[in-house]
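The following exercises are to be worked with the sequence and the 3D structure at hand. Each task is followed by a solution in steps.

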Amino acid sequence: MSEPIKIDKYLSYHYGGASGDLNLIHIDYEFARTAGLNGIILQGLCTMGITANSLLGDGDPATFKSIRVRFASPVHPEDELTVDGDGGEDQERFVVRNQSGEEVISKGRAVYR
Amino acid sequence: MNRELKGKIYPTVTYEVGREKIFEYARATLSDNPYCTDPDFAAKSHYGVVVAPPTFAAVYCHNAMRVVFEDQELGMNIPRVVHGEQTFEFGEVVKSGDVITTTTTIRDILVKENKEGIENVLLLVRTESVNQDGEVVCFGRWTIVERGSDE
């Protein structure tokens, strides 16, 4: 299991700039509430990227053959995530949980070269 | 959402990979991988240049996916949209300076009732991204969910 990964309060803005995904549900609290969400949520692909980078560590990016995730529930600013993988060498199944133990990524699978 | 667009193929979208964008993406996804963040390390590596983290696919596919989101003919209700599932299959590693061309196809549009009995619409999209040498760098399978409401 990874060390807890703290989601900075402003990460969705940084990721929005880095990726181009500035959908208002990621940056505007009132808009997110109107859309039926419990405040702004982190871009799913940001959570996926953080997870992949955690699994990869310092390794050569070429070792990643594929990755699959299901976005099970939203990640909010200041959440704390842990990546729980089975440590498989050729392929690894994993989930990501928040500080309440709720799965934010489920059915994760990475295949390595 | 217009469910008759299954099979629609969008015009290709091209993205040129800049080194600073890789650094910015790595910071925003909490990576300190030396291949992606350390120019001196990368220069001495077998790549010779900074390379992108695998999920940088989200960046070079972004404009291609935005065309789908903004497609008036498809008519997605954007505030109701969330990302359901994502798969990336990787080919060649993406290096700074690469030019990536992405082709986007609507694979299917399905209606699925959730546990609360609300009908969500699932949009299944496939992206195929190749580099300037015609080598595949990534196949993406995107499941986008337009959440229904009980009103």
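**Exercise 1. Determine which residue stands opposite B:Glu16, and describe the strand pairing to which the two belong.**

Solution. Step 1: in this predicted model, the residue opposite B:Glu16 is B:Val99, which lies in E3(B). Step 2: E3 of chain B covers residues 99–113, and four bridges join this strand to E1(B). Step 3: the two strands run antiparallel.

**Exercise 2. State how many helices and strands chain B has, and in what order its elements run.**

Solution. Step 1: chain B contains five helices and five strands. Step 2: read from the N terminus, the order is β-α-α-α-α-α-β-β-β-β. Step 3: for the overall extent, the C-alpha atoms of chain B fill a box of roughly 60 × 30 × 20 Å along the principal axes.

**Exercise 3. Trace the order of the strands in the open sheet and identify its edge strands.**

Solution. Step 1: the sheet is open and is formed by 10 strands, with antiparallel pairing. Step 2: the order is E1(A)-E3(A)-E4(A)-E5(A)-E2(A)-E2(B)-E5(B)-E4(B)-E3(B)-E1(B). Step 3: E1 of chain A and E1 of chain B are the edge strands, each pairing on one side only. Step 4: E2(A) pairs with E5 of chain A (residues 103–112) over six bridges in the antiparallel sense; within this pairing, A:Ala110 in E5(A) is the bridge partner of A:Ile67. Step 5: E2(A) also pairs with E2 of chain B (residues 81–90), antiparallel and over five bridges. Here A:Ser66 stands opposite B:Glu89 in E2(B).

**Exercise 4. Characterise the interface between chain A and chain B: how many residues are in contact, and what area is buried?**

Solution. Step 1: 39 residues of chain A are in contact with 38 residues of chain B. Step 2: the two chains bury about 2,900 Å² between them, with 60% of this area on carbon and sulfur atoms. Step 3: A:Ala18, A:Asn53 and A:Pro61 supply 18% of the area that chain A buries against chain B, more than any other three residues. Step 4: the elements of chain A that each supply at least two residues to this side are strand E1 (5–6), helix H1 (11–19), helix H3 (44–56) and strand E2 (64–71). Step 5: by class, the side of chain A that touches chain B has 20 nonpolar, 11 polar and eight charged residues. Step 6: between the chains, 15 residue pairs are in polar contact, both residues having pLDDT 80 or more, while zero salt bridges are found across the interface.

**Exercise 5. Locate the residues of chain B that form a salt bridge with B:Lys8 and an aromatic pair with B:Tyr15.**

Solution. Step 1: over all chains, the count is six salt bridges. Step 2: B:Lys8 forms one with B:Asp71, with the closest N and O atoms 2.9 Å apart. Step 3: B:Lys8 lies in the segment before E1 of chain B and B:Asp71 in the loop between helix H5 (62–69) and E2 of chain B, so this salt bridge links parts of the chain 63 residues apart. Step 4: the count of aromatic pairs over all chains is 10. Step 5: B:Tyr15 pairs edge-to-face with B:Phe56, at 6.2 Å centre to centre and 70° between the planes. Step 6: B:Tyr15 belongs to strand E1 (residues 13–16) of chain B, whereas B:Phe56 is in the loop between helix H3 (39–44) and helix H4 (57–60), 41 residues apart.

Technical notes. Residues numbered from 1 in each chain as written. Chains lettered and ligands numbered in written order. Predicted model: local features only at pLDDT ≥ 70, side-chain atom pairs only at ≥ 80, totals over all residues. Heavy atoms only, no water. Contact = heavy atoms within 4.5 Å. Buried area = accessible area lost by both parts, 1.4 Å probe. Salt bridge = Lys/Arg side-chain N within 4 Å of Asp/Glu carboxyl O. Polar contact = N/O pair within 3.5 Å; in protein donor to acceptor, adjacent residues only side chain to side chain. Nonpolar A, V, L, I, M, F, W, Y, C, P; charged D, E, K, R; others polar. Pairing = 2+ DSSP bridges. Phe/Tyr/Trp six-rings, centres within 6.5 Å; stacked < 30°, edge-to-face > 60°.
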